[in-house]
Amino acid sequence: MSERDDLLSRCRVVLVRPQFAANVGATARVMHNMGLSDLALVAPHADLSDRQARQLSTHGEELLDRAHSCDDLGEALADCVVVAATSARQGGLFRRQSVGLPEEIAPLLVEALASGPVALVFGPERTGLLDDEVRRCHHLIHIPADSSYPALNLAQAVAICLYEVRRAWLRQTDDRPLSLPEPPAPFADQERAFEHLRIALEEIHYLYGERGAALMHGLRHLLGRARPTAMEVRLLLGLARQIRWFVQLGSEKTKDQ
């Protein structure tokens with residue numbers, strides 16, 4: 001593990017009174033996916049040796065083996081410098097302070113990693129965190145699910161939050177963009193493709209008469225807005241060639257008859 005990723009591993013996932021072994025196993029898997037390894041369980045009801053926990057942890061079994069159980073939330077968070085709770089509910093005195101979306105809170109956790117461990121706290125599946133538990137956290141993450149059924153599965157909520165933590169971490173530690181878009185094809189190549197396409201469309205009589213120029217202008221505008229890449233320009237050239245070949249083939253058959 002690189003020094004950079006080792007620092008990210010200081011982000012702790014805390015499951016408070018988890019009920020179902022399968023959810024704990026799935027949590028271990030997504031933690032492994034996102035480069036985290038510190039799992040704490042507060043007064044767990046789930047049995048980590050349960051078959052479902054092991055099956056759903058897929059390459060995260062080591063996290064289950066290393067997970068530490070705590071009697072209360074204070075013990076699990078004792079060394080953490082920043083703590084974010086998660087909740088489907090936002091009302092009440094303790095749930096409307098420092099509420100934010102996952103992508104808003106995740107950078108705050110990442111920024112604090114250099115100072116010490118940080119934690120993401122998830123409540124039990126059926127009830128979520130108690131007000132007293134939310135009160136002890138610095139931030140509250142709210143995932144904007146549909147109001148008719150806002151309570152996410154525990155492992156799903158973990159996956160969403162850890163994905164945002166991973167994204168924030170990559171933005172902070174790597175100047176390169178997460179994805180490099182392919183640049184548009186050179187102007188001359190685009191012009192050549194448009195010219196071949198114009199000829200092909202004239203041969204099938206899509207472009208004809210006084211409206212031909214206006215139609216071609218509209219097509220150029222439509223395709224140009226997409227800023228076609230070199231590969232896409234080659235596709236247009238191939239399309240034009242195929243149209244012209246088909247027209248030529250049809251003409252030869254007509255002559256033969």
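Student: In this predicted model, which residues touch the most other members of the largest nonpolar core?

Tutor: Leu15, Leu39, Leu120, Phe122 and Leu162 do, out of the 40 residues in that core.

Student: Which elements give two or more residues to this core?

Tutor: They are β1, α2, β2, α4, β4, α6, β6 and α8. The largest share, eight residues, comes from α8.

Student: And what makes the second core a separate one?

Tutor: A core is a set of buried nonpolar residues joined through side-chain atoms within 4.5 Å. The second set is separate and holds 17 residues, including Val16, Cys70, Cys80 and Val83.

Student: Back to Leu120: what is it in contact with, leaving aside neighbours within four places in sequence?

Tutor: Cys11, Arg12, Val13, Val14, Ala84, Leu109, Ile141, Cys161, Leu162 and Val165.

Student: Why is α2 called mostly covered?

Tutor: Buried means under 20% relative accessible area, and 10 of the 14 residues in α2 are buried. Among them are Ala21, Val24, Val30 and Met34.

Student: How do you know what span to expect for α2?

Tutor: Take 1.5 Å times one less than the number of residues. For the 14 residues of α2 the expected span is 20 Å, and the helix reaches 20 Å from its first C-alpha to its last. Right after α2 comes Gly35, with a positive phi near 85 degrees.

Student: Why is Gln242, in helix α11, called partly exposed?

Tutor: Buried is under 20% and exposed is over 50%. Gln242 has 48% relative accessibility, so it counts as partly exposed.

How values were computed
Residues are numbered from 1 along each chain as its sequence is written. This is a predicted model: local features need pLDDT of at least 70, side-chain atom pairs count only at pLDDT 80 or more; totals for chains, interfaces and linings use all residues. Side-chain values use heavy atoms; hydrogens and water are left out. Buried means under 20% relative accessible area, exposed over 50%, partly exposed in between (1.4 Å probe, protein chains only). Helices (H or I, at least four residues) and strands (E, at least two) are DSSP runs, numbered from the N terminus. Contact means heavy atoms within 4.5 Å.
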